[in-house]
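Please look over the model shown here, with an eye to its strands and its enclosed spaces. A set of questions and answers follows it.

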Amino acid sequence: MRLTRASPALSSVFLLSLVSAQDDGPTGTDGPSPSATPTGPSQPAKIENYNWYGCQTEATGTRALNSFSYADDDMTLESCHDFCSSKGTDLFGAEYGRECYCGSTFEQGSVSAPASDCNLPCAGNPLEYCGNGNRLSVYVLNGTDIKPAPSTTPTPVPTAFPDGWTAQGCWEDGPNGRIMPTYQAPDSDQLTPQSCANTCNDMNYVVSGTEYYKQCFCSNAIYNGGVKGTDNTKCNTPCSGNSTVNCGGPGYLTIYSKGVPKAFEPPAVQTGGLNGTWTYQGCYNDNLNNARTLPWQLQFPGTMTATICLHQCALFGYAAAGLEYGDECYCGDPIDITNAGATKQPETDCNVPCAGNASAYCGGGSRLNTYFWTGQTPLYVFHYPQGNAAGTYSNLVGGVVTPLMTMQSITGKVTFLEKWGTGAPNSTGAYELDLSQTGNFTRAWRTMHLKTDVFCSAGLILPDKAARQLTIGGWSLDSTYGVRLYTPDGSDGVFGVNDWEENVNVLKLQRGRWYPSAMVMTNGSILVVGGEIGSNDKAEPTLELLPSTGSYLYMDWLARTDPNNLYPFLAVLPGGGIFVGYWNEARILDEVTFATTKVLPNITGSVINPLSGRTYPLEGASVLLPQIAPYTDPLGILMCGGSTEGGGEALDNCVSIYPEAANPTWTLERMPSKRVMSCMAPLPDGTYLIANGAKQGVAGFGLADNPNLNALLYDPTKPIGQRISVMANTTVARLYHSEAITLLDGRVLITGSDPQDGKHPQEIRVEVFTPPYLYSTKPRPTFKITNKDWTYGSTISVTLGAAPSGTIKASLLGAVSSTHGNSMGARTLFPAVSCAGTTCTVTAPPNKYISPPGWYQFFILQDGIPAVGQYVRIGGDPGDLGNWPNAAGFTRPGI
């Protein structure tokens, strides 16, 4: 049941639906004739303490009873009575078989109508009448004296037609339903063809029709297969306002219009014109248990057609579409029909013409004209590997911290950073995990220290020779200006002694930043972009460089899109520009001036909301698609997950683009489930693990729910729409502040979750996802490499542990800092490699635009199985970051 205040406007959709649903009513009676055992519909003389008042027309420009109303597909006179009685009104009236109106007086223009006009059975009781089109079956509280509606002051009857209106002849009405069902004016004792035409013209209709002495109908076309008659004598009823002219006749309309009226055939289900891509399935019920059968709702008022709805659903990868109420479109999957328990209903239940095509049906009340995609090319194909082929989740080690950022250092150890106030009261905010000691808890964790709060900061691994770790920005006050450095040390089983270094008095950002992003540029400088000036504060729509060179730069596109652009996605492009993805926009910047050189198309979002986003707080994840030697193909950007602005409807798709293509466009691919706060980890074999997140909400504390426990594997070597495999499930909810990074051993470290929602815990458990390549029965390769500092285009010798027994490849994964779905530094390359026996030669990437300077995880793969990787540096330290900062208290390892 849907309750609503009465509306002064009649819905053309309801008019259309109920005209086509009319049954023959009683004839030869002026009132109810109760029967002890009804054999057909009747009008009861009494409903509890309310007596039959009569059949009443609607008022002029408003409802006759306009205090309260509701509509229900199970409407009865008794349920209408109960509703209005509970509201304390003296009158209740049922209309259109399924609508109930309450009031204590009639509004102006409502007049008595013949009882025979109220002849539409109630939707919930076919043995009772519940009014009809523009007719109410009215009951009055026993003993109440109801005054008739105030009469209107007679107005002069127009004697001329509006400009451009001409006679169109006598048309038969009703064989397939009303041919002018859009609007019926109140009956008039002064009706003439001129007055009706002027009434319609004043309401912006272009067709008028008169019938039965004093009835006036308006529309913008002729519907239900109306045909102009050949015998004008059928329109033989004198007009109530001028007996010298006729106003239609029994079952015939005298029609005038502005131009020749459009005429539509009787509605039928559209089955043709779908290019063989969709097949009609039938009329299905909706709103079972107050839930939609298909989850995504769109509305196309005035324009809805099957073609429009089906096209939109297919555009976003949905293989099931449903049309309802004339202008509503629903998208989903065939399985949704089954899961909802929806079943086929009589085709006559889907009886509402489409708002944009009156010759076709678009569902009915809680009824869906349902179509399935049956095109030659499926919209999506998901793969479901079983057993170890789906990978596994497992616990790695007992945790000590709920991190918001993780990164693996060149020593193999993993840095965990948390925001202040997250963990135990004595937490220092920084810890280091020795992966070689996971069986010995006390030796696995080293306590480190931070001076300011890294809550929602950016992180990077620098290209200096020590691969120092950097965090930038933070929560508030000095933290937002924070520049923190850590020089990794120690080795397997041996604690390091270095700690985080920070002194805001000698090294700080120019602008305080919360939720910024950072990237190593091709010249070795650090680009810092965006953020806010502090927690939930004003935008910081600028970018700056570290080491600081000149002033910060204002970016209008950051100011305009705050707050949905936080943690923007950054990438160096092979053509020399800088890609920036933020909210639902993307552009390319000049690497020197940072001026925009190319505005890319808006990022495709949700089928129901083009303002869906991919960056915090509408948080998805982004990676770069593999670059493969000789690197002649354009670089692709992949984004998966996100959410809608306002509603927090998590997205169930990935999108990709090649920014430097001549005419770049976003390509959408469905995911098997919705996901916001997703994390993506590039794997050594060129695939990508998608993990963590929720199925509803947005990023932030307590703003999301329904954890997505399922991992996905995205394989870009497969055809579009067939790249996703559904992998293993975890039992641990990974929501806000969760991470995923690929380790040198080929597993993915899964950590974090700090939802602060009173439902899911602050998560300290540490998991690993083991990809299926590590369960292969084929031999896993090993290798040794001595040259770990590569120059561009050089050749590097690699020694295999055994002669190859399969196809050998090499891959490089950029060193990553993972936070909030943003894997800063991520990049995947497949350099050229050739082998002779156990000696292989790898050719380093050719330049800084293919491989920006920095540290990379280097892997040798045999038949897709990676060896344990090692860190190598490519391109050196062109920005001399190893000699920065020149200040006391900071380690400078050299370049």
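The turns below go from one sheet to the cavities and then to a strand.

Residues are numbered from 1 along each chain as its sequence is written. The model is predicted, so that local features need pLDDT of at least 70 and side-chain atom pairs count only at pLDDT 80 or more, while totals for chains, interfaces and linings use all residues.

Q: Which strands stand at the edges of the open sheet of S38, S39, S40 and S41?
A: Strands here are DSSP runs of E with at least two residues, numbered from the N terminus, and two of them pair if DSSP finds at least two bridges between them. The open sheet has 4 strands in the order S38-S39-S40-S41, with antiparallel pairing. Two of these strands each have a single partner strand, so one side of each is left without a neighbour in the sheet: they are S38 (569-572) and S41 (596-599).

Q: Which residue in S40 stands opposite Tyr-582?
A: Strand S39 (residues 578-582) pairs with strand S40 (residues 585-589) in the antiparallel sense, over 5 bridges. Within S40, the residue opposite Tyr-582 is Glu-585.

Q: How much space lies in the largest cavity?
A: A cavity is a set of points on a 1 Å grid over the protein atoms alone where a 1.4 Å probe fits but cannot get out, and its lining residues have an atom within 4 Å of a point. A volume is the space filled by probe spheres set on the points. The search of the whole structure finds 3 cavities of 30 Å³ or more, and the space in the largest cavity is about 410 Å³.

Q: Which residues lining the largest cavity are the closest to its centre?
A: Strands that each supply at least two residues of this lining include S38 and S65 (854-862). Of the 29 lining residues, the closest to the centre are Met-519, Leu-570, Met-824, Gly-825 and Ala-826.

Q: Is strand S59 largely enclosed or exposed?
A: S59 (808-814) supplies at least two residues of the lining of the second largest cavity. Buried means under 20% relative accessible area with a 1.4 Å probe and protein chains only. Because 6 of the 7 residues of S59 are buried, this strand is, with respect to the rest of the structure, largely enclosed.

Q: Which residue in S65 is the bridge partner of Leu-812?
A: S59 and S65 pair in the antiparallel sense over 7 bridges. In S65, the bridge partner of Leu-812 is Phe-858.

Methods:
Heavy atoms only, no water. 1 Å grid on protein atoms, 1.4 Å probe; cavity = no way out; pocket = protein on both sides within 12 Å on 5 of 7 lines; lining within 4 Å. Buried < 20%, exposed > 50% of the residue type's maximum accessible area, 1.4 Å probe, protein only.
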